[in-house]
Amino acid sequence: MTAPIVIVGAGQAAASFIARHIALGNPQALLLVGDEPHPPYQRPPLSKKYLLGELERERLFIRPLEWYADQGVETRLQTSIVEIRRADKQVVSSAGEVFDYDKLILCTGSHARGLPAEIGGELDGVFTLRSIADIDRMAPEFKAGRHLLIIGGGYIGLEAAAVARQLGLEVTLLEVAERILQRVAAEATSSFFRKLHSDHGVELRESTRLIRLRESGGKVVGAELASGESIDADLVLVGIGGSPNVELAAAAGLDCDNGIRVDATCKTADADIFAAGDCSNFDRNGQQIRLESVQNAADQGDLIAHVLAGQDVTYTALPWFWSDQYDCKLQIVGLNLGHDLTVIRPGSSEASLSVWYYRGQQLLAVDAMNEPKSYAFGRKIIEGGKNPAPEIVADPATDLKSLAMK
Amino acid sequence: MANITWKMEDGSEISVDVKDGLNLMEAATANNVPHIEGECGGCLSCATCHVFVDPEWLAKTGEVDDIEDTMLEMTDVEREDNSRLSCQIIAAPELDGLVLYVPEPE
């Protein structure tokens, strides 16, 4: 009997692969192994509606647990894979169980970076945000009147700040760089979100370095800043980015460099091992990149199902992202990596705006804040390989739909 | 509870009783309705849960808001007057018997 396709890691990439494998009618058996107690679930709502308490846990599940059994997919949850034996085509769990694979798909995801223990990263009341368990630990502490200190002005930190303000917490956010979102967005996007959060009462402190968290009896009580200032806090959320989970692949001798290196079919150097989602590192237009996004996880998982069904396909999907903060919907299409020009297109209201990123004459990406038209038509324009002149895009009188159709 | 039927272009159908409060993208993916992806989880960013609503039912499925209206421009199969993103249709008793047609991208 042929061994099954084994999927390690039960996230968005795994869910997408499995659904497509079944939709394509590929008869090969599947075994899904995940270390959490849940079937694959959506992570984006964790820092939004789930933290806010507006979404029950089951609604996070991409498909209900019974669905997997109904499709004949074997699932092993709460099971950590600790070793890949490539020569024997087996994976081994922490409990010593051995599973044979015909093909192996690594969907091991990424983990939130924490602060070092020496500066208080492991104190009680210090959290990171990546899983249902993280939120279930943290949510009971999100009580009105408490003071939340957020370390890091990226999307996770900003989304958590929005939820915390909505729940009545006092929020201070520290960003070591000159501006929030500096690594991922243009000045105009940073400014938009700085104003949004300031208007909602978040104390945003950019160019501010944390020296250490302060403690009392093992619990965090505040922070000491490089300026010498000391601030109080009842709880701390660390949102300083993620790192790919590559230990398993690296220990098996697979090439890893900011993720597991894969080719345009998501295959590693081992023809029987694939990687998808946050843990994969791939070439996009000559740049080695790794993306932490639902789109990338879902599209790579989907692609591998097509590849294993014998189709001749490669990964060319256009990236897209979103974030919800208060009443603001941010939608991003494309990757702004390497841009040398940004153009601001005024929105249809004061609370809306879009930022268009160019490299030379080439349109790379759009950040759309409460501007779904800029997102939707920006996506069509980029997909169509059209590169409207920056001054045309900047003119609010320009009809984007006509640019997309031209 | 509402009985919802998805009709595919090849003539096949899927009929399911859907619990009140679930959106019809979630219900479709849980029941293997083809071509309904719902990648963004229902937050109006992917336009991969496009359906055509049986015209007799259109009014009962509710209003299309501005964001949905814009996102309908992004669907793989071009929108028509009875297009909806099914993540925005919430199961409720008055939708019992609703019929949705699932467009098939080329």
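Which domains does the domain assignment of chain A give? Domain 1 covers 5-111 + 242-308, domain 2 covers 114-238 and domain 3 covers 327-405. Keep in mind throughout that this is a predicted model. Colour chain A by these three ranges before starting the tour.

**Stop 1: the parallel sheet of chain A**

Select strands E3, E2, E1, E7 and E19 of chain A, listed here in their order across the sheet. These five strands make an open sheet with parallel pairing. E3 (74-76) and E19 (273-275) of chain A stand at the edges. Each of these two has a single partner strand, so one of its sides has no neighbour in the sheet. From one strand to its neighbour the average turn is 20°, with direction ignored.

Now narrow the selection to residues 5-8 and 30-33 of chain A, which are strands E1 and E2. The two run parallel and are joined by four bridges. For a landmark in this pair, show A:Ile7, which stands opposite A:Leu32 in E2(A).

Add residues 12-23 of chain A, helix H1, which packs on the sheet. The helix touches E1, E2 and E7 (103-106) of chain A, and its direction makes about 165° with that of E2(A).

**Stop 2: A:Gln12**

Stay on helix H1 of chain A and pick A:Gln12, which lies in it. Is A:Gln12 buried or exposed? A:Gln12 counts as buried because it has 30 C-beta neighbours inside 10 Å, and the cut-off for a buried residue is 20 or more. Setting aside neighbours within four places in sequence, show the residues in contact with A:Gln12: A:Pro40, A:Gln42, A:Ile62, A:Gly277, A:Val294, A:Ala297 and A:Ala298. To move on to the next stop, draw a distance from A:Gln12 to A:Asp367, a residue 355 positions away along the chain; their C-alpha atoms are separated by 23 Å.

**Stop 3: strands E24, E25 and E26 of chain A**

Select residues 353-359 of chain A, strand E25. How many of its seven residues are buried? Six are, and the strand is mostly covered.

Strand E25(A) can be followed to a partner on either hand. Strand E24 (residues 341-346) of chain A pairs with E25(A) in the antiparallel sense over six bridges. A hairpin of six residues connects E24(A) to E25(A). Strand E26 (residues 362-369) of chain A also runs antiparallel to E25(A), and seven bridges join the two. This hairpin has two residues between its strands, and A:Gly360 in the turn has a positive phi of about 60°.

Show the side chain of A:Trp356 as a marker for both pairings. A:Val343 stands opposite A:Trp356 in E25(A), and A:Trp356 stands opposite A:Val366 in E26(A).

**Stop 4: two loop residues with positive phi**

Go to A:Lys89, in the loop between strand E4 (81-85) and strand E5 (90-93) of chain A. A:Lys89 is not a glycine, yet its phi is positive, about 50°. With 18 C-beta neighbours inside 10 Å, A:Lys89 counts as partly exposed.

Then go to A:Tyr326, in the loop between strand E22 (320-325) and strand E23 (328-334) of chain A. Its phi is positive too, near 50°, in a residue other than glycine. A:Tyr326 has 16 other C-beta atoms within 10 Å and is partly exposed.

**Stop 5: domain 2 against domain 3**

Select domain 2 and domain 3 of chain A together; their C-alpha centres lie 30 Å apart. Six residues of domain 2 of chain A are in contact with eight residues of domain 3 of chain A. On the domain 2 side, these residues divide into five nonpolar, one polar and no charged.

**Stop 6: chain B**

Hide chain A for a moment. What pattern does chain B follow along the sequence? Chain B reads β-β-α-β-α-β-β, with two helices and five strands. Its radius of gyration is 12 Å, close to the 13 Å that the globule rule gives for 106 residues, so chain B is as compact as a globular protein of that length. The C-alpha atoms fill a box of roughly 30 × 30 × 25 Å along the principal axes. Buried residues make up 43% of chain B.

Bring chain A back and select the contact between the chains: 13 residues of chain B meet 21 residues of chain A. On the chain B side, helix H1 (24-30) and helix H2 (66-71) each supply at least two residues. The largest share, three residues, comes from H2(B). By type, the chain B side divides into seven nonpolar, four polar and two charged residues.

Conventions: Residues are numbered from 1 along each chain as its sequence is written. Chains are lettered from A and ligands numbered from 1 in the order in which they are written. This is a predicted model: local features need pLDDT of at least 70, side-chain atom pairs count only at pLDDT 80 or more; totals for chains, interfaces and linings use all residues. Two residues are in contact if their C-beta atoms, placed from the backbone, lie within 7 Å. Ala, Val, Leu, Ile, Met, Phe, Trp, Tyr, Cys and Pro count as nonpolar, Asp, Glu, Lys and Arg as charged, and the others, Gly among them, as polar. Domain bounds come from an automatic or database domain assignment. The radius of gyration is taken over C-alpha atoms; the globule rule is 2.2 Å times the number of residues to the power 0.38. A residue is buried if 20 or more other C-beta atoms lie within 10 Å of its own, exposed if 12 or fewer, and partly exposed in between; C-beta atoms are placed from the backbone. Two strands pair if DSSP finds at least two bridges between them. Axes are lines fitted to C-alpha atoms, for helices over the stretch in contact, and angles run from 0 to 180 degrees between N-to-C directions.
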